[in-house]
Structure formats: structure tokens, C-alpha cells
Amino acid sequence: MTTPGDACSSSAVSPAFRAAADSDAVWDRFLPRDHAAVLARAADDDDHRGCSKKELFTRLCSRPVLLDGATMSFELDRRSGAKCWMLSARALSITWGDDPSCWTWTADFPGSRFPEVAELVDVCWLEITGKLQLSLFSPRTMYAAYLVFLIADDSYGLECNIGMLPPKAMVTVVVSGNTKPTLTEHTLCLQHMQGEEETAMHRRRQEYVRPWKNYGRKVTREADMDIRCPRRRGDGWKEVELGEFTVAGDEGVVEVSFKEVECQRWKRGLIVQGIEIRPKHAN
């Protein structure tokens, strides 16, 4: 039994197989080696004491655990047992995030796993960054990072229309001893959900006129076949993939950033719950 799925399948064969497949010896292999140290950082660590290894695995797959004063969360991927992390808005670096004329912080926002979310009031320079040590992730695993967000009804400047350059996302991995970081960059759309017909416009070459010093300047935007569009999550929030990386070692840092700074148009109404990083599966 090499995966959690194998153990669950074996338990259905017979009572004898079930006893072996449900044993702590089997399920302890699917839990991260440092799971006890991670759970010690949770405010409700007692909730995980006294349960079997299988019960603990199941809980960590179905209910994120808040850590470090509820500024980040930890859970396991049910399919692989790999570690998943989510940085709350408070754990992120948000440009002008401490200026109430630019961002406000709302407590007990409906559907958020964290005590606070950040809501964009009015900025022209939008930049959000999160960092984590590579040692926190499961080795030999491909991960993807996602911005978890909502758009307020009174939003502006976040549209993805012709004539507006889309935001960009970058994932940078800096490995200790390696002077050259690994970087991936993608353009994003926050407006059109996956599957909507409007997403096709990003995959066509576009020409438009941009106002410039009381004149019109013709600008061409090439087709972007790799633009990332959001999808609806099971918890009611939206998420858009920011990029991916593979954990080859545990010495280094991964930095995830989301920004719209080129157009410098004024923006409002982005509600940020956080950035989630979880294994990326082929299907």
C-alpha cells in the first residue's frame, strides 16, 4: 500500500485486510514526518490528540488547521498526502496594505477560514507577495499557487477588457547555493471564469487605441494562449492559478507575487483571503 487510496481500497477486501489497512503503522507512513511539530503551532492542537493515524489523516484532508495566530493554514492532499499551505492576507506583503485609504481589513468575513480579509479601496499600484521556505513542502512534488479572492459589486479597474493590460503573476524559487533563481511568469484575468466564452478573446491578437497625451496611440496585444482565468471553489470563493514549481530540495525559498503596475489604472474591490499552495495533479 503505497498511497492513501491503496489503503482505502484494501480495507474493502475483507475484515483481515481492513484491520491491516486501518492500522497506525500503515497510516503513519502517509503523514508528514513533521506533522506533530506543525500541529503544535495550532491553537486547537488538543483536537488532534488521541485519535488514530487514519483519523488524523482524514481530519487533515477535510479540515484546514489554523496556525501561527490564524495567519496561515495547513492541510493534507487526500490523493497524495502531500502538505498544503495557505497564507492569509495578513501573512502576505501587500503594497500600501497598512494605509486605510488604500486597503481595509474586514473581520469575520463570510466564508473565510481566517479572522480577517483585505479589501482593496483604491490604488493604482497593486502588488501582493507571499514567501515560504521550501522545507515546508513535500519533496519531489509539483505545486501550484492560487490567489483566493472575490470581486466586490462596486469594483472598478479590475476588468479584463480590450485596451487594458492584464495583471501578471510570478513564482520565483531561490535554492540555497544557486545564484540563478527559477522564475515562471503568467498573465491573469480576474473577470472571466474558466469556461466562459469571453475567455476566448485573450487567445486572439488584439489591436486597440490607447489615449496618450490627448492623442491616440495604436497598441497591439498578441494572443496569449497561456493566460490564467479563475474558477469557482467549493467554498464559494474564486481562485486563479499564479504559477507552479517543483520541490527538488528543502533548502531555499519560494516567492509568489501578483501585480498590476504597468497600466497604473486606479483599482477597487479586490477582496483577498490569501494565497494557497497545494499539489498540482495531472487531472
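Here are some short exercises on this predicted model, each with a worked solution.

**Exercise 1: Getting to know the chain**

Task: Find how many helices and strands the chain has, and what share of its residues count as buried.

Solution:
- Step 1. Begin with the elements: there are five helices and 16 strands.
- Step 2. Turn to burial: 47% of the 283 residues count as buried.
- Step 3. Look at the surface: about 14600 Å² is exposed, and carbon and sulfur atoms supply 51% of that area.
- Step 4. Finish with the contacts: among those with a separation of 6 or more, 68% join residues 24 or more positions apart.

**Exercise 2: Placing Ser257**

Task: Work out whether Ser257 is buried or exposed, and which residues it touches.

Solution:
- Step 1. Locate the residue: Ser257 is in strand β15, which covers residues 252-260.
- Step 2. Apply the cut-off: buried means under 20% relative accessible area.
- Step 3. Compare: Ser257 counts as buried because its relative accessibility is 6%.
- Step 4. List its contacts, leaving out residues up to four places away in sequence: Ser257 touches Ile128, Thr129, Lys168, Ala169 and Met170.

**Exercise 3: The sheet around β15**

Task: Give the order of the strands in the open sheet that contains β15, and say which strands are at the edges.

Solution:
- Step 1. Read across the five strands: the order is β4-β7-β15-β9-β10, and the pairing is antiparallel.
- Step 2. Find the edges: β4 (93-94) and β10 (182-187) each pair on one side only.
- Step 3. Zoom in on one pair: strand β9 (residues 168-175) and β15 run antiparallel and are joined by eight bridges.
- Step 4. Pick out a position in that pair: Val171 stands opposite Val256 in β15.

**Exercise 4: A salt bridge between two strands**

Task: Explain why the salt bridge of Glu255 with Lys131 ties together parts that are apart in sequence.

Solution:
- Step 1. Recall the idea: side chains of opposite charge can pair when their charged atoms come close.
- Step 2. Check the distance: in the salt bridge of Glu255 with Lys131, the closest N and O atoms are 3.4 Å apart.
- Step 3. Place both partners: Glu255 lies in strand β15 and Lys131 in strand β7 (residues 126-133), so the pair ties together parts 124 residues apart in sequence.
- Step 4. Add their surroundings: Glu255 is partly exposed, at 28% relative accessible area, while Lys131 is exposed, at 54%.

**Exercise 5: Another salt bridge, and a network**

Task: Describe where Asp28 and Lys53 sit, then find the network of salt bridges to which Glu276 belongs.

Solution:
- Step 1. Take the first pair: the side chains of Asp28 and Lys53 meet in a salt bridge at 3.7 Å, N to O.
- Step 2. Place them: Asp28 is in the loop between α3 (24-27) and α4 (35-39), and Lys53 is in helix α5 (residues 53-62), 25 residues apart.
- Step 3. Judge exposure: Asp28 counts as partly exposed at 37% relative accessibility, and Lys53 counts as partly exposed at 25%.
- Step 4. Now take Glu276: its side chain meets that of Arg278 in a salt bridge at 2.7 Å, N to O, and both residues are buried.
- Step 5. Widen the view: Glu75, Arg113, Arg231, Arg233, Asp235, Glu239, Glu276 and Arg278 are linked in a network of salt bridges.
- Step 6. Set this against the total: the whole structure has 21 salt bridges.

**Exercise 6: Strand β16 and its partners**

Task: Explain why strand β16 is largely enclosed, and find how many bridges it shares with β8.

Solution:
- Step 1. Check burial: eleven of the twelve residues of β16 (residues 268-279) are buried, so the strand is largely enclosed by the rest of the structure.
- Step 2. Look at β3 (residues 83-88): it pairs with β16 in the antiparallel sense over four bridges, and the bridge partner of Met86 is Glu276.
- Step 3. Look at β6 (residues 116-120): it pairs with β16 in the antiparallel sense over two bridges, and Glu119 has Ile271 as its bridge partner.
- Step 4. Look at β8 (residues 142-156): it pairs with β16 in the antiparallel sense over ten bridges, and Tyr156 stands opposite Arg268.

Methods:
Residues numbered from 1 in each chain as written. Predicted model: local features only at pLDDT ≥ 70, side-chain atom pairs only at ≥ 80, totals over all residues. Heavy atoms only, no water. Buried < 20%, exposed > 50% of the residue type's maximum accessible area, 1.4 Å probe, protein only. Contact = heavy atoms within 4.5 Å. Areas by Shrake-Rupley, 256 points an atom, 1.4 Å probe, with all protein chains shown as cover. Salt bridge = Lys/Arg side-chain N within 4 Å of Asp/Glu carboxyl O. Pairing = 2+ DSSP bridges.
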